[in-house]
Amino acid sequence: MTSPVNTQVIRVARLHRTVAAQLLREMGLHPGQELLMMQVWDHGPQRQSALSEALDVDASTLTRTVQRLEHAGFVRRNRCSTDGRAWEVESTKAGLALRERVLAAWDELEKITLNGLSEAEVAALSSALARVEGNLCEFARGSVETC
């Protein structure tokens, strides 16, 4: 039998992703793709290896994500000017046009997620989740600083 907290964490994570998918679908995005777009919007063109590290995904997953976004017209890849073997990913105009809609979807996701919670409950939830994340990170990687 699975412990109640483990079951809740799994169910909440799945439901959160499901709602995110519903909100992002209207823009032609899938969960996770908006994270890559946000990284590029916030930090400009980046090497795929840097994106992989920043998003904590393996290179093959990142490559598939970039290919899908490129096919949709939201990003383009260019050879790195300082290292011809590397690719840099940058947003296209179509990708930049999504920015406000993606941020609005994230705001909506947060409103849906926290609906009915008081400020104190939100603060307590945030604190508890940070502690849980730290516990898991420490176990998975050896120290909280590496997460």
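This is a short guided walk through the structure above, from its overall layout to a few single residues.

Keep in mind from the start that you are looking at a predicted model. The protein has 147 residues, and 27% of them count as buried. If you follow the C-alpha trace along its principal axes, the protein spans about 50 × 35 × 30 Å. Its secondary structure is made of seven helices and three strands. Starting at the N terminus, you meet these elements in the order α-α-β-α-α-β-β-α-α-α. It also helps to ask how the chain meets itself: among contacts between residues at least 6 apart in sequence, 50% join residues at least 24 apart.

Let us take the strands next. The three of them form an open sheet, arranged β1-β3-β2, with antiparallel pairing. Since β1 (46-47) and β2 each have a single partner strand, they stand at the edges, and so one side of each is left without a neighbour in the sheet. You can trace one of the pairings yourself: β1 joins strand β3 (residues 87-91) in the antiparallel sense, over two bridges. Within this part of the sheet, look for Gln46, which stands opposite Val89 in β3.

Now turn to the inside of the protein. The largest nonpolar core has 21 residues, and Leu29 and Leu36 have the most contacts inside it. Which elements give two or more residues to this core? They are α1 (4-25), α2 (33-43), α4 (59-72) and α6 (99-114). The largest share, five residues, comes from α2.

Leu36 is a good place to pause. If we leave aside neighbours within four places in sequence, Leu36 is in contact with Leu51, Leu55, Leu62, Thr65, Val66, Leu69, Val75 and Val89. Two names in that list, Val75 and Val89, lead us back to the sheet, because Val75 lies in strand β2 (residues 75-79) and Val89 is the residue of β3 that faces Gln46.

Is Val75 buried or exposed? Its relative accessibility is 2%, and because buried means under 20%, Val75 counts as buried. Not counting residues up to four places away in sequence, Val75 touches Leu36, Met37, Val66, Leu69, Glu70, Val89, Glu90, Ser91 and Thr92. Another way to see how the chain folds back is to find Val40: it is 35 residues from Val75 along the chain, and the two C-alpha atoms are separated by 9.1 Å.

Helix α2 also holds Gln39. This residue is buried, with a relative accessible area of 18%, so it falls under the 20% cut-off. Beyond its neighbours within four places in sequence, Gln39 is in contact with Gly44, Gln46, Leu51, Ala54 and Leu55. You have already met Gln46 as the residue opposite Val89.

For a contrast, move along to Asp56, in the loop between α3 (48-55) and α4. At 52% relative accessibility, Asp56 counts as exposed, because the cut-off for that word is over 50%. Asp56 has another feature to look for: a positive phi of about 55°, although it is not a glycine.

Finally, let us look at the pockets. The largest one has a volume of about 1400 Å³. It is lined by 31 residues, and Val9, Val12, Ala13, His16 and Leu129 lie nearest its centre. Helices α1, α2, α6 and α7 (119-141) each supply at least two residues of this lining, and the largest share, 11 residues, comes from α7. Sorted by class, the lining has 20 nonpolar, five polar and six charged residues.

The second largest pocket has a volume of about 250 Å³. Which of its 13 lining residues lie nearest its centre? These are Pro31, Gly32, Gln33, Val57 and Thr65. The elements that give two or more residues to this lining are α2 and α4, with α4 providing the largest share, five residues. By class, the lining of this second pocket has six nonpolar, five polar and two charged residues. Thr65 may look familiar, since it was among the contacts of Leu36.

Key. Residues numbered from 1 in each chain as written. Predicted model: local features only at pLDDT ≥ 70, side-chain atom pairs only at ≥ 80, totals over all residues. Heavy atoms only, no water. Core = buried A, V, L, I, M, F, W, Y, C linked by side-chain atoms within 4.5 Å. Buried < 20%, exposed > 50% of the residue type's maximum accessible area, 1.4 Å probe, protein only. Helix = DSSP H or I, 4+ residues; strand = E, 2+ residues; numbered from the N terminus. Contact = heavy atoms within 4.5 Å. 1 Å grid on protein atoms, 1.4 Å probe; cavity = no way out; pocket = protein on both sides within 12 Å on 5 of 7 lines; lining within 4 Å. Points joined across faces, edges and corners; volume = space filled by probe spheres on them. Nonpolar A, V, L, I, M, F, W, Y, C, P; charged D, E, K, R; others polar. Pairing = 2+ DSSP bridges.
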